[in-house]
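Here's a quick briefing on a protein model with a ligand in it. Have a look at the structure first, then we'll go through the pocket, the strands and a handful of single residues.

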Amino acid sequence: MRVRFGSGALASLPEELGQIGLDRVLVLCSPGREDTAELVAGVLGDRCVGVRADAVMHVPADVAERAGAAAVDLGADGCVTVGGGSAIGLGKIIALEHGLPIVAVPTTYAGSEMTPVWGLTTDGRKETGRDPKVLPRSVVYDPDLTVSLPVGISVTSGINAMAHAVEALYAPDASPIISLLAEEGVRALASALPAIAAEPGDREARSDALYGAWLCGATLGATTMSLHHKLCHALGGTLNLPHAPTHTVVLPHVLAFNSPYAPAAVAALSRALPGDGAPADRLWWLSRELGAPSSLRELGMAEADIDLIADEVTSRSYGNPRPITAENVASLLRASLAGDRPTTTPSPSTDEREQS
Ligand code: NAD
């Protein structure tokens, strides 16, 4: 995978396409982001065969089908995604179904461009998978393109990226190098996001955030995610809660829940996050100080949804440092619903440790 990084990196896009051998690309973006997509199309000149602005969250199957058919009709040999996880996600499905490679120009901090993870939503059910075909062949990170990203989305997409790093630190397949990337990614984002909130035009902070997104995205690509990602997947898929804000609310609670079972992750996050106290508490304060949503209730969840989500999350088994039951997930969801300060759970009992 090739990467170009830095202010003005967009100018290197034609050269990147040349390296990969792409001559006819379709540019994909979200509705409302046509100006940036047209700017990119202008840089590409004759290499661009069209612009489509229909990328939306979670990649609905009908949207992917229409965009894929358009790419084939236009004789495209690849796609350039201009935007966040939604545009990249659409490109990934076209890569999966039509074999067209992707070059990503990320404009949020969610980190999807660094992963071979795809998602597709059919009849309200989101399916995800991994396939090397969907990993962008090249990523062009130009922080100038993220200056327009509103503070709210900057913060929540950045915390979404931190969530990848947090779960990479205690993943069943965690490894020393990936843990270094994760710690550095959290550190970079935790210092860049307050600077962006204070001065959205701060290009150095925008660059640091994109650097953090790169690191955190790479950790998601390299490890297996645990309870936090499964929970957010269920909340997004079943209740249609917004992706990045949901990650932002839930992360401190899952981290508090897992912390007694993940001492190495706690040590790394204690070095990376500003402030005192448990890393879960520091994260909770950070997102409050940045004005991010603090409860699932304000995102549209109701008390009556708790058992449904707890059952969904516990119906399948997957790695998590702490054993999961419907009861402990329900209690974690209750705290996230209310926006409570995360409680540092007591040290695990011997029984619980043996089960994990
Ligand atoms: P997004 O791509 O949905 O973008 C959020 C909003 O920001 C959109 O309205 C978009 O038009 C706008 N926007 C984007 N860049 C902008 C800019 N520079 N200036 C102004 N507005 C801008 O948000 P996201 O959080 O990046 O992505 C969410 C999606 O990505 C979800 O579907 C999620 O499942 C997926 N995702 C996937 C992975 C993966 O590895 N597969 C990782 C993270 C997220």
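Before the pocket makes sense, one cut-off: a polar contact here is a pair of N or O atoms within 3.5 Å. With that in hand, K126 has a polar side-chain atom 2.9 Å from an oxygen atom of the ligand. Keep in mind that this is a predicted model, so every distance below is a computed value from that prediction.

**Polar contacts with the ligand**

- K126 reaches the ligand with its side chain: a polar atom there sits 2.9 Å from a ligand oxygen.
- S148 also uses its side chain, with a polar atom 2.8 Å from a nitrogen atom of the ligand.
- V117 gets involved through its backbone instead, where an N or O atom lies 2.9 Å from a ligand nitrogen.
- How much of the ligand's accessible area does the protein cover? On its own the ligand has 860 Å² of accessible area, and the protein covers 85% of that.

**The shell around the ligand**

- Two elements give two or more residues to the shell, namely α4 (85-98) and α5 (151-169).
- There are 24 residues around the ligand, and the ones that come nearest are G85, S86, T107, T108 and T115.
- What is the shell made of, in terms of nonpolar, polar and charged residues? The split is 8 nonpolar, 13 polar and 3 charged.
- If you're setting up a pocket selection, note that the shell takes at least three residues from domain 1 (2-146) and at least three from domain 2 (151-348).

**Parallel strands: β2, β3, β4 and β5**

- Strand β2 (residues 25-28) is covered on both faces: V25 and V27 are buried on one side, and L26 and L28 are buried on the other.
- β2 pairs with strand β3 (residues 48-52) in the parallel sense, over 4 bridges. In that pairing, V25 stands opposite C48 of β3.
- β2 also runs parallel to β4, with 4 bridges joining the two. Here V27 has V80 of β4 as its bridge partner.
- Why can strand β4 (residues 78-83) be called largely enclosed by the rest of the structure? Because 6 of its 6 residues are buried.
- From β4, 5 bridges lead on to strand β5 (residues 102-106), again running parallel. T81 is the residue that stands opposite A104 of β5.

**Residues in helices**

- D281 is found in helix α11 (residues 279-289). Its relative accessible area is 13%, so D281 counts as buried, and its side chain makes a polar contact with the side chain of R341 at 2.6 Å.
- S336 lies in helix α13 (residues 326-338). Buried or exposed? S336 is buried, since its relative accessible area is 0%.
- S336 and R297 are 39 residues apart along the chain, with 8.2 Å between their C-alpha atoms.
- L181 belongs to helix α6 (residues 176-198). With a relative accessible area of 26%, L181 is partly exposed.
- L181 and S191 are 10 residues apart in sequence, and their C-alpha atoms are 16 Å apart in space.

**Two positive phi angles in loops**

- Most residues other than glycine have a negative phi, so here are two positive values to look at if you check backbone torsions.
- H58 has a phi near 70 degrees, a positive value, and H58 isn't a glycine. Where is H58 found? H58 is in the loop between β3 and α3 (61-73).
- H58 is buried, given its relative accessible area of 14%.
- N240 has a positive phi too, near 60 degrees, and is likewise a residue other than glycine. N240 is in the loop between α8 (227-239) and α9 (243-258).
- N240 is exposed, as its relative accessible area of 59% shows.
- N240 and L44 are 196 residues apart in sequence, and 36 Å separates them in space, C-alpha to C-alpha.

Key: Residues numbered from 1 in each chain as written. Predicted model: local features only at pLDDT ≥ 70, side-chain atom pairs only at ≥ 80, totals over all residues. Heavy atoms only, no water. Near = heavy atom within 4 Å. Polar contact = N/O pair within 3.5 Å; in protein donor to acceptor, adjacent residues only side chain to side chain. Areas by Shrake-Rupley, 256 points an atom, 1.4 Å probe, with all protein chains shown as cover. Nonpolar A, V, L, I, M, F, W, Y, C, P; charged D, E, K, R; others polar. Domains from an automatic or database assignment. Buried < 20%, exposed > 50% of the residue type's maximum accessible area, 1.4 Å probe, protein only. Pairing = 2+ DSSP bridges.
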